[in-house]
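Reader: Please take me through this structure in questions and answers. I am new to it.

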Amino acid sequence: MDDFEPDYEPIEGEIPEPRSTIRGSSKRKSKVQSCPICQGRFTNVRRHVICSHLPWYTSPLTACWTCKLQLAQEKLVQVHMVNIHNSQEEQHKFDTLQHGKRWTYLMNGLLDDIAKRIPVKFEGLIKFVQKHSDFSICSGGVHHWSDMPLLKLFNEVNIYKPSHLLHSAYPPTDPHSLLHWKILALLIAHTESGENLVTFERELELHPTQRTKHLVSLVDSHFHLDLYLKETRHSGLPSLTWDETDRHVEIQFLISNYCFPRNWPSSKDRHQLRKDKRLMFTFGIHPRMVARETRRQMESWLSDLEVLVEAKNVCAIGECGLDAQQASERDISRQMEVLDSQLQLAKAKQLPVVIHCRGLSGEDSTDDRCLGVMTKVLEKDHRIHRHCFGGNIGMYRKWKSYFPNCKFGISPFLLMEEKYPDIRSTVCNMDINDIIIETDAPYLSNKGGRTGCPSMTYDIAQKLANLFNVSLMEVACVTTSNVLKLYNIKH
């Protein structure tokens, strides 16, 4: 991983080096047990599995429902309340009246997604566990005494009538049996990309009242998958589907930008990434890389780029452009040369260009210089993604006059009105048909300290709906259509 911090505000904290032993593991041979999922050995396997291999809500009594954090011990919950929330108030803990139905629906959603990934029918999960030999290690398993009220609640909300004793877990006879920590963890391990279910959240009401949930499909047109996975420590892209009160939300597909050549994925890595059908890719050289490297290295990367853009699911070149922040005039001149080379390639391959443009304003601004290079190379009808647009309405009109097919990425900057007060007025005067939504994850976040995530497309879409006085569904449809046209994606 290159140590270059490419955009906007730095991500706080460095990822620590991998541990030589698994967190919480023990070498005390007489008291340890093996984890059924990983290779670790622990004095309390149940706590380890609940913390490391299951979603935070599966053990609701030892979770903070405000932070969505699983702590696995009541004492740690109390410490967390004091240290993080400065109180021991019950409002952050699980409350049956407040969270009971939601917890049941979350567990329903988890079991339903596990069934789809195995794949079996929802009702077929019990037989799957009964027949699969891997689950024999659960033989004689019973539910923890503290789980009894939860299992009763699960059955009441779902209108289940258990056929056997409530505490019995294995062999499973009723749906509540599947909620045993070991059975649930093994089920998740049997799914494809099961580790991603650790971050999965979807509420499913098995007996819904008469109401229809509308599907809202959104697109994140610009994020950095490599950096997002490193920051979040996920092995793959999370589900990115969830339920709101009256709608089901999904991030339909995403465009991952690879603009730091030292992080460009290998052919083998690209093959693995393409297994996630939601992903499309762009490749380019970020302008702030130019000053850090020799001309010979830059020429080598430009040569590699010509090969990369021929790969499957590559839909554009970029991000590339100009960045005048902390750059000398000589650096900017070199940036313009590298930008010119990438534009020539985009023209030859008839690919859209993702433009990063940041720095000087006023006369001879970075935007003006960037447009000067672009107009010398590209035809007027070339498709442009003006990444993370934060200019005024005059600059918006200038870009549209030079490149009518230009689309403007509206990022979480729109949600930071105190820090960027002018973006709101600019967006209000733009044509919604020129707008695409992007998160630039993991860099931008509208909540202090939280890593930017593709799910923030929903927050941006809601804000756009309010500004344009239209429905969220209309914003989702229009911005998705704009991305499809810009990148010529048949989806």
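The turns below go from the whole chain to single residues.

Author: This is a predicted model, in which local features need pLDDT of at least 70 and side-chain atom pairs count only at pLDDT 80 or more, while totals for chains, interfaces and linings use all residues. Residues are numbered from 1 along each chain as its sequence is written, and side-chain values use heavy atoms, with hydrogens and water left out.

Reader: How many helices and strands does the protein have?
Author: Helices (H or I, at least four residues) and strands (E, at least two) are taken as DSSP runs, numbered from the N terminus. On that basis the protein comes to 15 helices and 13 strands.

Reader: What percentage of the residues count as buried?
Author: Buried means under 20% relative accessible area and exposed over 50%, with partly exposed in between (1.4 Å probe, protein chains only). Of the 491 residues of the protein, the buried part is 53%.

Reader: Among contacts between residues at least 6 apart in sequence, what percentage join residues at least 24 apart?
Author: A contact means heavy atoms within 4.5 Å. Among the contacts between residues at least 6 apart in sequence, the share that joins residues at least 24 apart is 71%.

Reader: Which helix supplies the largest share of the largest nonpolar core?
Author: A nonpolar core is a set of buried Ala, Val, Leu, Ile, Met, Phe, Trp, Tyr and Cys residues joined through side-chain atoms within 4.5 Å. The largest one has 84 residues, and Val427 and Leu464 are among those with the most contacts inside it. The largest share of this core, 7 residues, comes from helix α14 (residues 457-468).

Reader: Which residues does valine 427 touch?
Author: Residues up to four places away in sequence are not counted here. The residues that valine 427 touches are then Ile410, Leu414, Ile435, Leu464, Leu467 and Phe468.

Reader: How many residues are in the second, separate core?
Author: This core includes Phe94, Cys138, Phe154 and Leu179. Phe154 lies in helix α5 (residues 148-157), where Leu150, Leu151, Leu153, Asn155 and Val157 are buried as well. The buried residues of α5 pack against α3 (96-117). The number of residues in the second core is 47.

Reader: How many aromatic pairs does the structure hold?
Author: Rings of Phe, Tyr and Trp (its six-membered ring) pair if their centres lie within 6.5 Å; planes under 30 degrees apart count as stacked, over 60 as edge-to-face and the rest as tilted. By that rule the structure holds 14.

Reader: Why do tryptophan 56 and tryptophan 65 count as they do, and what is the pair called?
Author: Their ring centres are 4.8 Å apart and their planes stand at 75 degrees, so the pair has a name under the rule. Both tryptophan 56 and tryptophan 65 are buried. Trp56 and Trp65 form one aromatic cluster with Tyr57 and Phe94. The pair is edge-to-face.

Reader: Which strand pairs with β9 over 5 bridges?
Author: Strand β9 (residues 314-323) is mostly covered, with 10 of its 10 residues buried. Two strands pair if DSSP finds at least two bridges between them. With strand β8 (residues 279-283), β9 pairs in the parallel sense over 3 bridges. The parallel partner over 5 bridges is strand β10 (residues 353-358).

Reader: Which residue of β10 stands opposite glycine 321, and what unit do β9 and β10 make with helix α10?
Author: The residue opposite glycine 321 is histidine 356. A crossover is right-handed if, with the strands pointing away from the viewer, the path from the first strand over the helix to the second runs clockwise. β9, helix α10 (residues 329-349) and β10 make a right-handed β-α-β unit.

Reader: Is asparagine 313 buried or partly exposed?
Author: Asparagine 313 sits in the loop between α9 (295-308) and β9. Beyond four places in sequence, asparagine 313 touches Arg274, Leu279, Met280 and Phe281. At 30% relative accessibility, asparagine 313 counts as partly exposed.

Reader: Is phenylalanine 389 buried or exposed?
Author: Phenylalanine 389 is found in the loop between β11 (384-386) and α12 (393-402). Leaving aside neighbours within four places in sequence, its contacts include Met395, Tyr396 and Phe408. At 3% relative accessibility, phenylalanine 389 counts as buried.
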